[in-house]
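User: I would like a close look at a single part of this structure, the second helix of the first chain, and then an account of how the rest may be read in the same manner. Please proceed step by step, as for a first-year student.

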Amino acid sequence: MQTKLHHQQQRVELFSDVMLKIRQSLQVEDILQTTVTAAQQILQADRVLIYHVLPNRTGKTISEVVLPEYPTLMHLEFAEEVLPEHYHQLYAQGRVRAIADVHDPAAGLADCLVEFINQFDIKAKLIVPIVQTLNVHSLGSSPHNSQDDSQHISQGKSKKNSLTHNHLWGLLIAHQCRSTRHWVEFDLRLMQQLANQIGMALSHAQLLEQWEELMNTRTAELTEINHNLQQEINARMHAEAALHRGNEFISVISHELRTPLTSLHSALKLLATGRLGHLSATGQQMLAIADESTERLVRLVNNVLDLQRIESGNLVIERQMCHAATLITHAVESMQATAQQSEITLVTQPDDISIWADPDYILQVLTNLLSNAIKFSSPGGKVWLIVTRCDSSPTLPHASVPEIVFRVRDEGQGIPTDQLERIFERFQQVNAADRKKGGTGLGLSICRTIIEQHGGKIWAESTPGNGSTFTFTLPAQVRAGHTSNQQC
Amino acid sequence: MPTKRILIIDDEETIQTVVQFGIKMSAGWDVLTAGSGAQGIQIAQLEKPDVILLDVMMNDMDGIATFKALQAHAKTGQIPVIFLTAKAQTGEKRQFNDLGVSGVITKPFNSLNLPEQIAHILHWVTF
């Protein structure tokens, strides 16, 4: 009794060791070898082997531990007949086969099997199926009604469209060769547990394989995405660098132009005073041409730099509190000389209204509008520059946002209705005569950008032959927490 | 009131010339010229002009360095300086103002207008 208990104890310990070993290893070969070794030790069987069933129903021994006096069955291939269909089904369902004496007719072994058994001197067998429970993902096909599954399972063929499916992977077999053996409950349970462990380990191994494949695929995908992103980044960096170079180029050129332009502009103006010597009539004509042309160049250079800033998103509006009256006065002052030359009278009404805007840019807009008005007026005419505060916005009649409204009105030739919008586009001029008057075609589009950056609107109204009115609005409210810088 | 005296520091000779003639012709003021920052500092210390027109972009000693040197000297520290520059944006102007420059005149300009612009910047009552 003592010995029996001791043996039991040993077995239990061995068994725990085996389980631990199995769980620790992920290598299927290791697990199989450990299992057969442990089974042999615990059961004291003469041979323990693992038989792997192949898809074509043949199979072979892939793991074995056998006492030296008995032959090995390793790598021996077995024909289909060894595992008849109905046995296959039974095993797939988990049935254990314990044969105490192979020669006992009650065991019901097939004749050919008995022959084989005699060859190898096997007297008793214990066969436990190793079953894998597979699910649809491992077979990669569409789900099925679970009711169908029970039918499919019993067929034993691995139907590729079952939800879960018991697949007979192989057999864990213990042989007793030296004698017959009555396999006890413990033996059966041990073998079953080992077989289960193998089943699980196989599933794990498979899962791991699938995981690794997934990992690899995912890694490959990510690598490609990464590569593409990198290329895109490079492309964008190149584009940005090119743009930057382009901008810098324009900046430098425009800068370089300004110094000789200053000399040219000033020198011609000095000559034009007449105080540096008398010129013939033709000489004066030539001088006038040179002078006008230089003025156009000056305006163009100024406009180009503005435009370049706008295009590259570098137009920085810095708003501050300023007085509409001051801006109007400045604008008029700077246009006074030009107005006088064209015999135009500038009329203003500098109301003391505060605005929240970038004074330099608003001044630029005002001078531009005044310049246009003067240009297109006939001698002796008037140009008005007026500012008012509107509490109901002329642009948003339903909004209650108060606006400051600037208007420049002239009595000149007017603008055809179909041109009223187009003139705000770049390089648009009303007609050829406009270009003769020295326009660059850039001024109004720049004005529009500036006004829109301030949150306002600019537009023109006109009656051909009866003058035009250019109006722009600026929002009157200073929103709380509004930053004073706004990059466009 | 004695005639105003202007010092123009610019490494472009043509600019020196047109500025000289323009200011003389329109306001009758005296104009001294210098072709470099170093030369300009020397003349300023000697002549003590009423205002200095200083080109920002010069090759050897640029406008900003020249300005700082002028500010540092006791003899020239009080003389108002106006930058001549191609840059006109508000941000850049503010940079110059932060330095302590009295004002900025942008290129291209008409030198005949300079006396008026200078008077405006420095709040001189002349005209």
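Analyst: A residue is called buried if 20 or more other C-beta atoms lie within 10 Å of its own, exposed if 12 or fewer, and partly exposed in between. In chain B, which has 127 residues, buried residues make up 41%. The model discussed here is a predicted one.

The part requested is helix H2 of chain A, which covers residues 28-43. Its length can be checked by simple reasoning: at 1.5 Å a residue, its 16 residues should span 22 Å, and the end C-alpha atoms are indeed 22 Å apart, so expectation and model agree. Many positions of H2(A) are buried, namely Ile31(A), Leu32(A), Thr34(A), Thr35(A), Val36(A), Ala38(A), Ala39(A), Gln40(A), Ile42(A) and Leu43(A).

Some of these residues meet a partner from another helix. Ile22(A) belongs to helix H1 of chain A, residues 2-24. Apart from its neighbours within four places in sequence, Ile22(A) is in contact with Ile31(A), Thr34(A) and Thr35(A), and also with Gln197(A) and Ala201(A). Ile22(A) counts as buried because it has 20 C-beta neighbours inside 10 Å. Distance along the chain is a poor guide to distance in space here: Ile22(A) and Leu194(A) are 172 residues apart in sequence, yet their C-alpha atoms are 9.4 Å apart.

What follows H2(A)? The next residue is Gln44(A), which has a positive phi, near 55 degrees. In general, most residues other than glycine have a negative phi, and most peptide bonds are trans. Gln44(A) is a residue other than glycine, and its phi is positive all the same. This residue lies in the loop between H2 and strand S1 (47-53) of chain A. Gln44(A) counts as partly exposed because it has 14 C-beta neighbours inside 10 Å.

A second residue of chain A can be read in the same manner. Asp121(A) is not a glycine, but it has a positive phi of about 60 degrees. Its place is the loop between helix H4 (111-119) and strand S5 (124-135) of chain A. With 14 other C-beta atoms within 10 Å, Asp121(A) is partly exposed.

Chain B offers an exception of the other kind. Lys107(B) and Pro108(B) are joined by a cis peptide bond, with omega about -5 degrees. Pro108(B) is found in the loop between strand S5 (103-106) and helix H5 (114-122) of chain B.

The next step is to consider how helices pack against one another. In chain A, helix H8 (residues 281-311) and helix H12 (residues 443-453) have axes that come within 10 Å and cross at roughly 40 degrees. H8(A) and H12(A) are therefore oblique to each other. Their crossing is left-handed. On the H8(A) side, Asn303(A), Asp306(A), Leu307(A) and Ile310(A) take part, and they meet Gly443(A), Ile446(A) and Thr449(A) in H12(A). Sorted by class, this contact has three nonpolar, three polar and one charged residues.

A pair in chain B may be set beside it. Helix H2 (residues 37-47) and helix H3 (residues 63-72) of chain B pack at an angle of about 25 degrees, with their axes 10 Å apart. That angle makes H2(B) roughly parallel to H3(B), since angles under 35 degrees count as roughly parallel. H2(B) passes H3(B) in a right-handed crossing. From H2(B), Gly37(B), Gly40(B), Ile41(B) and Ala44(B) meet Ala65(B), Thr66(B), Ala69(B) and Leu70(B) of H3(B). This contact has five nonpolar, three polar and no charged residues.

These two helices belong to a chain whose secondary structure comes to five helices and five strands. Along the sequence, chain B follows the pattern β-α-β-α-β-α-β-α-β-α. Among its contacts between residues at least 6 apart in sequence, 61% join residues at least 24 apart.

Finally, the two chains touch: 18 residues of chain A are in contact with 17 residues of chain B. On the chain A side, the elements giving two or more residues are helix H7 (185-272) and strand S7 (316-318). H7(A) supplies the largest share, 11 residues. By class, this side of chain A has five nonpolar, seven polar and six charged residues.

Notes
Residues are numbered from 1 along each chain as its sequence is written. Chains are lettered from A and ligands numbered from 1 in the order in which they are written. This is a predicted model: local features need pLDDT of at least 70, side-chain atom pairs count only at pLDDT 80 or more; totals for chains, interfaces and linings use all residues. Helices (H or I, at least four residues) and strands (E, at least two) are DSSP runs, numbered from the N terminus. The expected span of a helix is 1.5 Å times one less than its number of residues. Axes are lines fitted to C-alpha atoms, for helices over the stretch in contact, and angles run from 0 to 180 degrees between N-to-C directions. Angles under 35 degrees count as roughly parallel, over 145 as roughly antiparallel, 65 to 115 as roughly perpendicular and the rest as oblique. A crossing is left-handed if the near helix is turned anticlockwise from the far one by less than a right angle, and right-handed if clockwise. Two residues are in contact if their C-beta atoms, placed from the backbone, lie within 7 Å. Ala, Val, Leu, Ile, Met, Phe, Trp, Tyr, Cys and Pro count as nonpolar, Asp, Glu, Lys and Arg as charged, and the others, Gly among them, as polar.
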